[in-house]
Structures are given as C-alpha cells and as structure tokens.
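Reader: I am new to this structure and would like to go through it step by step. Can we start with how its helices pack?

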Amino acid sequence: MDRAARSAGIQDEARYLDMARQALDMATEWGHEEEVLRAATLMARALNDVHRNREARDELQGLVAKISDISTSTQAYAVAELARALMLDGEPDDALDLSDRAMEAGERLELTDIVSDAFTTSGTAAVVSGRALFGRALLKAGAELSEQNDHWAVAWRANNNLISVESTYDLRLATDLAEKATERSLRIGVMREVMVSLSWLTLFATGIGQPERASTMHERVDPSVLSDDDTARFEHIRATHDASLGRRPYVEPPTPDRRGVQRDVATHTNIGAFLNRDFARSVEIARHGASLWEYSLGTLSGFYLVSEAALLAHDQATLDEIQETYAEDFPTGGATNSAGWALVLAYQATLAGDADLASAKLDEASALAASAGWSLGAALGAASVAEVLGTSDPRIREHAKRAESFFSEAGLTGYLQVFRGVFETITSERSA
C-alpha cells in the first residue's frame, strides 16, 4: 500500500490522499491500535508529500503523545513522520527533538530506513536553525546510509533535501548531486523522480554555465515511458532549456489541471516568460508558483528570475515584497543566498536611480556568486541593472560586458536575446 500510494500520489494527489484516507478509515473501523497508528502514519506521509504539513501534524500528534517508549517499528515510523511534519511546518527545534527519538529507536530496532530518514529530517531542521555544517553532514549521512541499504524512497528524499540545501552553498556541488540523482532514478526507472532531479539539474547546470550537462541527460529520457503528467513536466523543462540555448522560441506547453503538475512546472513557465521578455507575466507566474508551494517571493527569488523580472517590469511593490520576505530568511543559507540578497539591494538602488549603490551591490553579488559557482545570477543581475540604468556609467558597463561574455561562452543565446539592446549599445560604444 505504501509504495503504491506514493507512486499514485506522485501522479494524482487527490487519488493519493484518497487511498491513504481509505486505509485509515478501515484501520479505525477495525479498532486495532497498532494498525490505526500505521494507517495514520501513511496518511501523514501522504499529506507531507503534497505539502499539507499542518494537517500531517494534526493526524499524528495526539497518537504520538501516547508513546512513552518506542518499542515497535510502527511507533518509530510514526515518530519519524511527525518529526518530518514539524520540520516542514516551520518547527525545526521540535523536529530535532522528535527526530532524535526516532533515530535512537531506529538504531535499537535495527531499522536503517528510520535512521537514514531521521538523519534527513534532523539535517534539514539543523540547517534551517542555522547549524549549517552539522545539518549538511547529517543530510550526507542520510543519503549515504539509505543508498547503502537500498531504501530508495528515503534516499530520494535525502538526496532532494541535500541538493536543495547545497544549492545555497555551492551550486557546482548541487549540480553534481542532481546529475547523480537523475542517473540513479533513470537506472531504477522511477520517472517521477527523474523529473524532479532533472528539473534541478537543468536549473543548476545552466546556473553554473554548463547547460550541455542537462542537454545530455534530456537525451537519455525515453518519452514513450512517461505518464501524461510526467510528459507535461518534461515538455516544460525542455521548452525552457531549449529557449535559453536559442534552439527554438519559447512557447508555453499545455499544463494538466492538477495542482502537483502546476506546482512543478511553475518555475519553468516563469523562466519562459522572462525569456520572452514578458516580465509582468513572469512575476505573475512566480506569484502563482509561490502560492502553490506555499513559499514567499523572497524564497523563490534566488534562481527563478523573480526579482529580475520585477526590476525590468519597474514593479516597485513586488520588489519591496521580495526584499521584505527575503530578509525574513536571510542570512539562512550560504553564498548563493547572500548573492541573491545583494542583488535584491542592487535592484532597489537601480529603481531609485542610485548607480553608486547599485554598482557596489553588483560587486558584492558578483564575488559571492563566484564563490558559489552561480555565474548566471551575477550575469542576470548585471544585465538587468544595465538595462534600467543604461551603460554610461563605466562600472555598470563593465559588469554588463562580463555578463555578455558569460552568456556567449555558456551558449545561452536566449539570454543574449533578452538583453540584446544592452549588448548592442555596448558594441556601438566600443565602435564609436
């Protein structure tokens, strides 16, 4: 039931939740305490998987409160899932406490999947709490232990969390991890998991200026084995990627009317609108995607061109909102997040017409982005500021020239087209 339900949910959230609810209703009707706890854990897992974390907490908190000593695998799984729900619902300290209990029980009961799952929850919670080195070490341990013991569902979660966290510190490492995760999922044949890691890989490989790594992996996907929803996901990933490389103009593919698919493709439709220079539409899509993920615009502004689109649309209100919500998380995360924060401040200075501050913040963002390998971020920031302020200031012009070089060397012709006016102005100034 567990694997079948999770597979179904990956394609159809309503069906997933319905299967889990049926199992819980049947267990409740039978009245066996252990079976009720097992079914409630499956229900909470389903809710966590579809980002309904508060409801997942509600399913398990009362039941877990009755467990004084964890003596069965069912109890251990319940405690571990509640820890995950608390972590996802913004309670990292409580999640760490419960996850420690689950980890101890997993070791005592020789349940390596529980131990690796607890490593993953504790690691993510620790990073959120500001204990980055400790948290990243736990995440790596969770990924390694789950893979060594063939716990692939746990390994998928561990690696996804690890990739997400590492992307805020070193985008080159995150790209390597996403590439390995895509390889592994292709080998196992779980195509929904392929789509998740392939989306990461496409974004991050482009971010470090190596989009051909994503292109190579795209070619390994057999479209004939994809479900309708995964076909839609793949078409969105490829459409944005091809447009960024100038292979074809961006045309938004159709999207099934299912929340899970809409959530997964929002990033790519946002980027596609940006590549078409429809900056207001890009912001609109970003807002919709943020609501689907229940994230803030500040959280999304790192990789997904939200703040750049707001700047280029001269959308001061959205840029203010991005700055406010970004500040709530700052300085959580590493150099990538710090670079993103510097760019947001550069964009505010740009709309205020302050070339001195904009240039200083571009310098800061460029250095931070270089340390994280996020070359695309620095280039987009420089080109966006240059479009709004112009290139008469030699400092802004120099940043824009470096951006043009990056786009050219990385083969990102789509971005060269977005900022064609800026780069043509620089060329004409050179010729004058």
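Author: The model is predicted. One term comes before the rest: a crossing is left-handed if the near helix is turned anticlockwise from the far one by less than a right angle, and right-handed if clockwise.

Reader: Which handedness does the crossing of helix 10 and helix 11 have, left-handed or right-handed?

Author: Two packed helices are described by the angle between their axes and the distance between the axes. For helix 10 and helix 11 the angle is about 155°, and the axes are 8 Å apart. In the sense just defined, the crossing of helix 10 past helix 11 is left-handed.

Reader: Are helix 10 and helix 11 roughly parallel or roughly antiparallel?

Author: Helix 10 packs on helix 11 at about 155°. Angles over 145 degrees count as roughly antiparallel. Helix 10 and helix 11 are therefore roughly antiparallel.

Reader: Which class of residue has twelve members in the contact of helix 10 with helix 11?

Author: On the helix 10 side, the contact residues include Leu171, Ala174, Ala178 and Leu186, and helix 11 brings, among them, Met191, Val194, Trp200 and Phe204. Five residues of this contact are polar and two are charged. The class with twelve is nonpolar.

Reader: How is helix 9 oriented to helix 10, roughly parallel or roughly antiparallel?

Author: The axes of helix 9 and helix 10 lie 8 Å apart, at an angle of about 160°. Helix 9 passes helix 10 in a left-handed crossing. Because the angle is over 145 degrees, helix 9 is, relative to helix 10, roughly antiparallel.

Reader: How many charged residues are in the contact of helix 9 with helix 10?

Author: Trp152, Asn159, Leu162, Ile163 and Glu166 are the helix 9 residues here, and their partners in helix 10 include Leu173, Leu177 and Arg184. Ten residues of the contact are nonpolar and one is polar. The number of charged residues is two.

Reader: Which helix gives the largest share of the lining of the second largest cavity?

Author: The whole structure has three cavities of 30 Å³ or more, and the second largest holds about 80 Å³ of space. Helix 9, helix 10 and helix 11 each give two or more residues to its lining. Trp152, Asn159, Ala181, Arg184 and Ser197 are among the lining residues. The largest share, five residues, comes from helix 9.

Reader: How many nonpolar residues are in that lining?

Author: The lining of the second largest cavity also includes Trp156, Ile188 and Glu193. By class, four of its residues are polar and two are charged. The nonpolar residues number five.

Reader: What is the orientation of helix 21 to helix 22?

Author: The axes of helix 21 (residues 375-389) and helix 22 (residues 394-410) come within 8 Å and cross at roughly 130°. That angle makes helix 21, relative to helix 22, oblique.

Reader: How many charged residues does the contact of helix 21 with helix 22 have?

Author: Leu376, Ala379 and Val385 are among the helix 21 residues that meet helix 22, where the partners include Ile396, His399 and Phe406. Twelve residues of this contact are nonpolar and two are polar. As for charged residues, there are none.

How values were computed. Residues numbered from 1 in each chain as written. Predicted model: local features only at pLDDT ≥ 70, side-chain atom pairs only at ≥ 80, totals over all residues. Heavy atoms only, no water. 1 Å grid on protein atoms, 1.4 Å probe; cavity = no way out; pocket = protein on both sides within 12 Å on 5 of 7 lines; lining within 4 Å. Points joined across faces, edges and corners; volume = space filled by probe spheres on them. Helix = DSSP H or I, 4+ residues; strand = E, 2+ residues; numbered from the N terminus. Nonpolar A, V, L, I, M, F, W, Y, C, P; charged D, E, K, R; others polar. Axes fitted to C-alpha atoms, helices over the stretch in contact; angles between N-to-C directions. Parallel < 35°, antiparallel > 145°, perpendicular 65-115°, else oblique. Contact = heavy atoms within 4.5 Å.
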